[in-house]
Structure formats: structure tokens, C-alpha cells
Amino acid sequence: MIKYILFQIKDTFSRLTFNRKKRDINQRVKESFGKLKDGSFDFENIEKYYRNKDHAKAYQILSDKTCNDLDFDDLFMFLDRTHSKVGQQYFYNNLRTINLNEKQTALNENLIEELSKNSELRVSLQKKIEKLNHRDAYNITSLFQQEHINPPKWFFVIKLLSFSSLLSLILGFFHPMFFIVLLGIFCVNFVLHYWNKNNLVQYVSSIPQLLRLNDVASYLFANPLFKKLNPELHKSIKLINEVKSRMSFFQLEARLQGEFEIIVWIIFEIFKTMFLLEPLLLFGILKRLHAKREEIEDVFRFVGHLDMLISIGSVRHGLHTFCLPVINDSNTITAKDLSHPLIFNCTANSITISEKSVLLTGSNMSGKTSFIRAIGLNVITGLTINTCFAKSMNFPFLKVFSAIRISDDLMNDKSYYFEEVLTIKEMLKESENGNKNLFLLDEMFKGTNTVERISAGKSVLSALTKNNNKILVSTHDIELTDMLCKEYELYHFSETVDDKTVGFDYKLKEGKLKNRNAIRILEINDYPKEVIKEAIKISKELDKIYSAKNTTG
């Protein structure tokens, strides 16, 4: 009687503990919606799916150069609210791959709306998807993107030795001599078993995660709301389940390494060695998985897509201002109260870019480059996740290219100027391909002398404006504003300078910059008086020369 009472008390306590943990998990997941993700980002693994995927059908793949210019990794860390490694890899790929599918976008918006307002459904999905948040889940892509190892030409020997072990074991009960034969075979099998460990190690993590992925996909697909993403997914799930029993062996292998006692593990190793189960099962499974690459990727995309949609909903939930962009066939970019997503309390600006492109002037730190990046990032997020950080934004279907953050390539013996020359050459080539392009440039050719910089800059910027391209470019060369005023709308950012401080309002203003404060900033930073005096003198002389040239020209 006492034992029964103690059992009931223990059982009640266990159920209470389990329910409390369940409530805590639900609360944690629910509260994470709209908040930044904690933890580090392993971009080497996050990029695996993107780097190995065939993007031949994509409208544009954002280049590493453009991603570096626009701080793409920082953007991803801000946007990523996924709950699985599968979703993280899928989301990264989608942010770098520009396609326009209006039907898919409409379906995405319906699902995001439902997941955002139905917290119970969303939390249940997030908890299920979190089962794929183990680091090993990064390796699932290798099963459908990379070549599998092939069995050696002498693989028939393994089959023969496995059969010989089984036969010797059976005959040993009739004649003890066969146990000695079995021992000899076991010694040979021992060598082959541990030879195969090198082959096994790359799959012992990915195959169990594939089983988990298939189970998660099966659970999610049971909801009629999500079947719309891929109505035929049940066929892929079924095909993977056909080899589930064989793959479960590797799931057991993974559990033995972390959960079972060492004695059980030793017994299991002896059993596997005796019959060479690992190489037989491994190469058999790989042969079957090779024929199911498309089905595995279908399941991967389905789960990753749902995780991405939850992430997009979470991002929007945490924003004060965002909009769904209007993407049309016009040749105009319009943004109202647009901000840079990575700048805290960013000053919002509005602009309309229609017939002419935009030439920006202003001093360093006034906001020119940040504004250019803000336009580029908003176009990218508008095209990829249908989200812009503005009150409203309209633009055509664009390809995005940039030349903002140029550096010397010492490994390939390329100077700053030569790197920029190659980058802008690619832009000129793209400008003639018949697509609508957005070119983002910052202080062109600053690695060369003033005369040639202005001359080359004017020529290139005029060429880029042809064929319905849109350009946002910043410059310190005021001369360019006069040369390009017929092709470019002029805007500027300015600062205020008092006795000891420099202030920036980061507001976009029409027209070219009229006030120059560079020498004044030197003065308030206590440069020697003789340096300031000479600089002012030279500046006035150069102004006279430039004014005279304009008058005679």
C-alpha cells in the first residue's frame, strides 16, 4: 500500500514537472515572436544550401561583392527568426535569389497572415520545427546536393564475408571448429569495419536528421492550410519512408553514442563487425538516396519555406513601420519614409526616382552611403520577402549591382583602382543586357587623380543611365553636379558646424551641396593655424580658376 502511494506521488510529481516544462517551452516560443534571435551565426554552414544549389533559372543571384557592399550578413542576422537549421539555410538562399512569382507571393502572404494572428497554430509549428535545430541538421543538404561515396570494386568481398560469418555461426553449433573459422573471419571483418568508419562518419549525422525532417514534414503536411505549398509532397514523403527502416539503423547508432551504456555499445559494435552491417547498410542506403535527391529537396524546401514564413511574420511583428511593396512595370522608384533596417532609430527619407537617376553630394558621415545602401536593401527585401522598411514603396522588377566597398586584392596583386575598374566594367556590361537595373556607387575612381577621376566618372555615369537603368551615386566632386545635371537629379546631405561641434540631421535635401565645411572641421579640431590659413587661401584660388573655366566654357 505504501509503495503504491509513493508511486502515485512520484507519478503526479512527474506529470506536474512535464506540464510545467511544456508551459515554459510554449511561453518561450510565443514570446520569441517579433524579437531578434539569440546566439551566434555559423555562415559557413548556413550558406551550404545556397552555394551548392543550381540557380540557373533565377532572375538574379546577388553577388558576393554586392552582399559585402550592403552588409548582407548583418541583414540576415537581423531578419533571421527561424527555428531550425533547415529554415535558416533555406531563408538565406531565398534572400540571395531574386525571382518574381506573384502567385507564390500571394500564397505566402495568406500563410504569414494566418500564422501571425493564430498564435496557437504558430507555436505548435515552431515547436515541431525546432526538432531540426541541432547543428547536424545543416548536413541534410549533403544528401541531395553532393556526390555520395561509391562502394569499392571489391565490395562483393564484404557481402561474401558477411554471409560467411553467418554460415560459420550457424555451423558452429554443430561443430565447434566453425567457431574458430568465425574468429578468423571476425579478425578480417574488424579491419573492414573500421575502414568503413571513415565513410560512415559523414553520414551518421545527416541520415538521422533526414528521418527527423521527413517526420516533421509529414506532421506539417497534415494541415490542409500548408498543403497548398506543395500538393504533391506526400509522394516525396512516402518515397523517403520506403528506406526509413534501413536508415533507422543510423539513428540508433547516433543514440548509442550519447545515451546507452558503454557495455551495450561494445556488444552492438561486435555484432555489427561480425556481419559487416555498417558497410552493407550504408552503401545500400546511399544507392537508394541517390535516386531520391529531388524528393529529399522537396521535403527540405517545404519545411524550410514554412519556417521562413514564420520568420518573416516575426520580423514584421517587431517593426514600427513596414510595407508590402508595389512591384510594377513602370520605370519609377518611389519610397516614402524609407529607412535603413540595420540603423537604430534611422532617420527616414522619401524620394522619387523617375526619368533621371540620382547624384548625391555631402561630406563624410552625413548619410550619403547609408541612404544608397538603404535603397538597395529595401529593393532586395521587397523582391525576396515582399517586405520594405518604409511607409510605402513602388519600384519595377530590378537587378541590383553595387560598387561601394572596394578594397585592394593583395592576394591577386590588384590595386584598389583596378578592382573598381573591373567592378564597374561589369556594370557597363549589365547595363546593355535589356534588363532594368539598379546600380549603386559610392565615390567613383577615388583611387586616381582628380582630373581623370572626374572625366572617367562623368563618362561612365552617362553610359549607365541608358536603357532604363537607375543609378544612385555619391560624390565629393562638385564638378560632376554641373556636368550631369541633365541626366541626374541632384540631392545632398549636409551638416551644421558651430564653434566646437559638427552635427548631422541625415535628411535628404534637393539640389547640390552649396556649403563646404571640410576646412572648418579641421579648424574646430585644433589643426595648426598656419595649415588652416593656407588651406583657405588655396581653396579660394581654386574656386576662382573653376569659376573662370565655367564662364569661358
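## Cysteines, a mixed sheet and a pocket

The structure holds 0 disulfides. This is a predicted model. Cys323 is in no disulfide, and the nearest cysteine sulfur, that of Cys388, is 4.8 Å away. A disulfide calls for sulfur atoms within 2.5 Å, so a separation of 4.8 Å does not qualify. The table gives the accessibility of two cysteines.

| Residue | Relative accessible area | Class |
|---|---|---|
| Cys67 | 9% | buried |
| Cys323 | 7% | buried |

Both count as buried because their values are under 20%.

**The sheet.** Six strands make up an open sheet with mixed pairing, in the order S8-S9-S10-S6-S11-S14. At its edges are strand S8 (399–403) and strand S14 (509–510), each of which pairs on one side only. Strands of a sheet pair through backbone hydrogen bonds, either parallel or antiparallel. Strand S6 (residues 357–361) and strand S11 (residues 488–492) run parallel and are joined by 5 bridges. In this pair, Ser357 stands opposite Tyr488 in S11. Helix H20 (residues 368–385) lies across S6, S8, strand S9 (437–442) and strand S10 (470–475), and runs at about 155° to S9.

**The pocket.** The second largest pocket has a volume of about 1,200 Å³. Its lining comprises 43 residues, of which Tyr90, Asn94, Asn99, Gln104 and Arg301 are the closest to the centre. Elements that give two or more residues to this lining include helix H3 (48–52), helix H6 (85–95), helix H7 (102–117) and helix H9 (142–145). Helix H19 (293–317) and H20 also belong to that group. H19 provides the largest share of the lining, 11 residues. H20 thus appears in both settings: it lies across strands of the sheet and gives residues to the pocket lining.

Conventions. Residues are numbered from 1 along each chain as its sequence is written. This is a predicted model: local features need pLDDT of at least 70, side-chain atom pairs count only at pLDDT 80 or more; totals for chains, interfaces and linings use all residues. Side-chain values use heavy atoms; hydrogens and water are left out. Two strands pair if DSSP finds at least two bridges between them. Helices (H or I, at least four residues) and strands (E, at least two) are DSSP runs, numbered from the N terminus. Contact means heavy atoms within 4.5 Å. Axes are lines fitted to C-alpha atoms, for helices over the stretch in contact, and angles run from 0 to 180 degrees between N-to-C directions. Buried means under 20% relative accessible area, exposed over 50%, partly exposed in between (1.4 Å probe, protein chains only). On a 1 Å grid over the protein atoms alone, a cavity is a set of points where a 1.4 Å probe fits but cannot get out, and a pocket is an open set with protein on both sides within 12 Å along at least five of seven lines; lining residues have an atom within 4 Å of a point. Grid points are joined across faces, edges and corners, and a volume is the space filled by probe spheres set on the points.
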